[in-house]
Amino acid sequence: MSRIVTVLMMLAVLGFGVFLGSRLGGGGASSYREDGRLVEAYDLIKAFYVDPVAGDSLVGAGIRGMAEYLDPHSVYLAPEKAAYSQAEFDGNFDGIGIEFDVINDTLLVVTPLSGGPSAAVGIVPGDRIVAIDSSSCVGITHQDVLRKLRGRRGTTVSLRVYRPLSGKSLDFVVTRGKISTKSVDAAFMMDGGTGYIRLSRFMATTAEEFRDALGSLKKKGLKRLIVDVRGNPGGFLEQAVQVADEFLSDGELIVYTKSRNAAEDVRYMARSGDGYETGELVVVVDRGSASASEILAGALQDNQRALIVGELTFGKGLVQRQMEFNDGSALRLTVSRYYTPSGRQIQRHYSKGEDGRDRYFHESPGNIQPGKLFDDPGRLLYEKNNEFSVYRTTSLRSIPASADSSGSVEGAALKGLRSAGGIIPDYWVAGRAYTEFYQELFRTGVLEDAALKILDDPLSSVQDYRNSLASFIADYREDGRLEKIIAGLCPDKKIVFDDAAFRKDRRYIAIAVKSRIAHQLFGSEGQVKSYVSTTDPVVRLAARLPAAH
């Protein structure tokens with residue numbers, strides 16, 4: 001690299017410091033002198049490090065290190081990752097239009113998207129893509145699939161496909177086109193006027209999708225709505241605000257933000273005339289519900305508009321803004337904190353730096369459970385059966401802010417709850433404990449393998465249900481060979497088949513396998529509908545709880 005380019009790189013790093021200072025309210029001569037150390041360090045590394053170092057890699061590493069020092073949600077995105085992330089949030093990209101899984105190093109077509117390029121050339125659910133542009137797909141990763149199959153609209157990609165039921169290998173040439181992604185995974189009516197909508201994320205099209213789904217359910221006699229945001233990691237704050245606005249009356253506060261610069265603080269208020277301001281409403285959450293999901297749940301809970309049912313949520317109360325660099329990379333920087341209408345700041349505790357970031361994303365919430373929080377958890381117990389224990393936790397929302405400091409066991413537990421952050425559900429559901437054997441089957445992919453083995457057998461009864469989700473949900477029963485299939489798959493995963501544990505959890509193993517078969521046959525929406533409408537204990541609870549007041 002020439003001296004001129006090196007100088008330009010150093011100026012870029014220096015400019016980044018000035019950029020941050022101007023955006024976050026810093027600046028001045030002292031700030032400039034501090035930034036000078038970055039330039040000096042860059043120059044020393046380039047001049048004296050034992051091996052040659054690419055300047056752009058150094059700059060990226062420097063920005064990444066600064067972001068990691070701040071908080072767990074501030075992050076530097078390399079150009080490829082920034083582009084992928086933006087496409088996901090925009091709700092569209094250019095590709096071949098398939099929903100896929102990578103199972104046991106095999107690229108599996110779950111379903112070609114209706115009207116998409118793959119469906120147009122005859123690719124069908126269950127196909128295995130064994131090569132992309134003559135390059136083997138054995139051992140391919142999820143990220144590799146996206147990189148190979150996405151591309152500029154109008155370009156082509158050659159696929160070699162193996163079709164298990166016929167035993168044939170087929171070649172396809174697919175022309176990439178515009179693909180629209182969805183954030184409403186499923187929307188349908190259950191029994192007795194209860195409707196269900198599952199939101200997987202909050203992207204640019206979410207509010208519009210949600211309004212369309214809600215309008216469709218209202219035409220079918222909607223009386224109670226269940227909004228499921230379990231596993232929803234969040235997304236655009238404004239989209240969560242628009243969804244919440246569908247349920248709140250004119251002038252009700254949805255959320256407000258506070259930043260370093262008070263001029264940028266924002267209060268988001270509901271407007272009148274929206275979609276479902278008076279009907280019964282339940283929001284289902286879990287530990288994977290974060291950020292925008294928590295904004296929605298917190299707004300509806302604080303305005304006493306909805307019941308919140310499920311688990312303590314993730315606890316992300318920080319708002320990021322994505323700032324792009326000229327090379328396509330980006331800095332996703334925390335610029336404010338958000339607060340629920342009652343003033344709750346639900347961000348859970350974190351420590352700065354790489355170690356703190358690792359602990360933040362991997363720490364177990366196992367001890368933050370109602371049954372472990374109190375000397376007498378029975379006083380909160382609402383219901384208990386073989387599948388779960390349910391605790392009525394309305395009183396907990398005011399406890400964490402004034403947790404007992406006497407050193408008692410219960411006081412320490414409440415402080416732990418406060419540090420855990422998140423939205424405390426009105427009905428906190430603690431599920432049954434599964435056997436270690438079941439958890440091993442889940443973790444190692446045996447359940448997915450069992451589903452594929454059943455699907456690939458042309459003599460299996462499941463073949464009779466390939467064309468009707470309704471018939472599959474109503475009539476398909478556990479494969480009579482399930483135990484034999486599971487036992488046969490265990491050795492490859494180095495699992496010892498546990499006969500007693502299998503018998504104990506057989507029902508749940510069968511449910512899990514059926515759910516995965518539904519996914520392969522009917523896509524994500526079919527899987528959700530199959531599980532929720534027949535089996536999901538939390539949704540069944542949400543459907544019968546007394547209405548919020």
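The following exchange goes through three helix pairs, one pocket and one cavity in a predicted model.

Colleague: What makes α7 and α8 roughly parallel to each other?

Modeller: The axes of helix α7 (residues 206-218) and helix α8 (residues 237-245) cross at roughly 20°. Angles under 35 degrees count as roughly parallel, and α7 and α8 are therefore roughly parallel to each other. Their axes come within 8 Å, and α7 passes α8 in a right-handed crossing.

Colleague: Which residues make the contact of α7 and α8?

Modeller: From α7 there are T206, A207, F210 and R211, and from α8 there are Q239, Q242 and V243. By class, the contact of α7 with α8 has 3 nonpolar, 3 polar and 1 charged residues.

Colleague: Why are α8 and α9 called roughly parallel?

Modeller: Helix α9 (residues 292-302) packs with α8 at an angle of about 30°. The limit for roughly parallel is under 35 degrees, so α8 and α9 are roughly parallel to each other. The axes of α8 and α9 are 9 Å apart, and the crossing is right-handed.

Colleague: What is the make-up of the contact of α8 with α9, by class?

Modeller: L237, A240, V243 and A244 of α8 meet A292, I295, L296, A299 and L300 of α9. These residues divide into 9 nonpolar, no polar and no charged. Ala, Val, Leu and Ile are among the residues that count as nonpolar.

Colleague: Why is α14 called oblique to α16?

Modeller: Helix α14 (residues 446-455) and helix α16 (residues 482-489) have axes that cross at roughly 125°. Roughly perpendicular covers 65 to 115 degrees, and roughly antiparallel needs over 145. The angle of roughly 125° lies in neither range, which makes α14 oblique to α16. The axes of α14 and α16 come within 10 Å, and α14 passes α16 in a right-handed crossing.

Colleague: Which residues of α14 meet α16, and which classes are found in the contact?

Modeller: V446, D449, A450, K453 and I454 of α14 meet I485, I486 and L489 of α16. The contact of α14 with α16 has 6 nonpolar, no polar and 2 charged residues. Asp and Lys count as charged, so D449 and K453 are the charged residues in this contact.

Colleague: How many cavities of 30 Å³ or more does the structure hold?

Modeller: The structure holds 1 cavity of 30 Å³ or more. The largest cavity contains about 50 Å³ of space, which is over that cut-off of 30 Å³.

Colleague: What lines the largest cavity?

Modeller: Its lining consists of I454, Y476, E478, D479, L482, A510, V513, K514 and I517. Helix α17 (residues 499-534) gives the largest share, 4 residues. The lining of the largest cavity has 6 nonpolar, no polar and 3 charged residues. Tyr counts as nonpolar, so Y476 is in the nonpolar group of this lining.

Colleague: What is the volume of the second largest pocket, and which residues are the closest to its centre?

Modeller: The second largest pocket has a volume of about 1400 Å³. F89, G235, K316, Q320 and R332 are the closest to its centre, of the 47 residues that line this pocket.

Colleague: Which helix gives the largest share of the lining of the second largest pocket?

Modeller: Helix α4 (residues 79-90) gives the largest share, 6 residues. By class, the lining of the second largest pocket has 21 nonpolar, 15 polar and 11 charged residues. Gly counts as polar, so G235 belongs with the polar residues of this pocket.

Methods
Residues are numbered from 1 along each chain as its sequence is written. This is a predicted model: local features need pLDDT of at least 70, side-chain atom pairs count only at pLDDT 80 or more; totals for chains, interfaces and linings use all residues. Side-chain values use heavy atoms; hydrogens and water are left out. Axes are lines fitted to C-alpha atoms, for helices over the stretch in contact, and angles run from 0 to 180 degrees between N-to-C directions. Helices (H or I, at least four residues) and strands (E, at least two) are DSSP runs, numbered from the N terminus. A crossing is left-handed if the near helix is turned anticlockwise from the far one by less than a right angle, and right-handed if clockwise. Contact means heavy atoms within 4.5 Å. On a 1 Å grid over the protein atoms alone, a cavity is a set of points where a 1.4 Å probe fits but cannot get out, and a pocket is an open set with protein on both sides within 12 Å along at least five of seven lines; lining residues have an atom within 4 Å of a point. Grid points are joined across faces, edges and corners, and a volume is the space filled by probe spheres set on the points.
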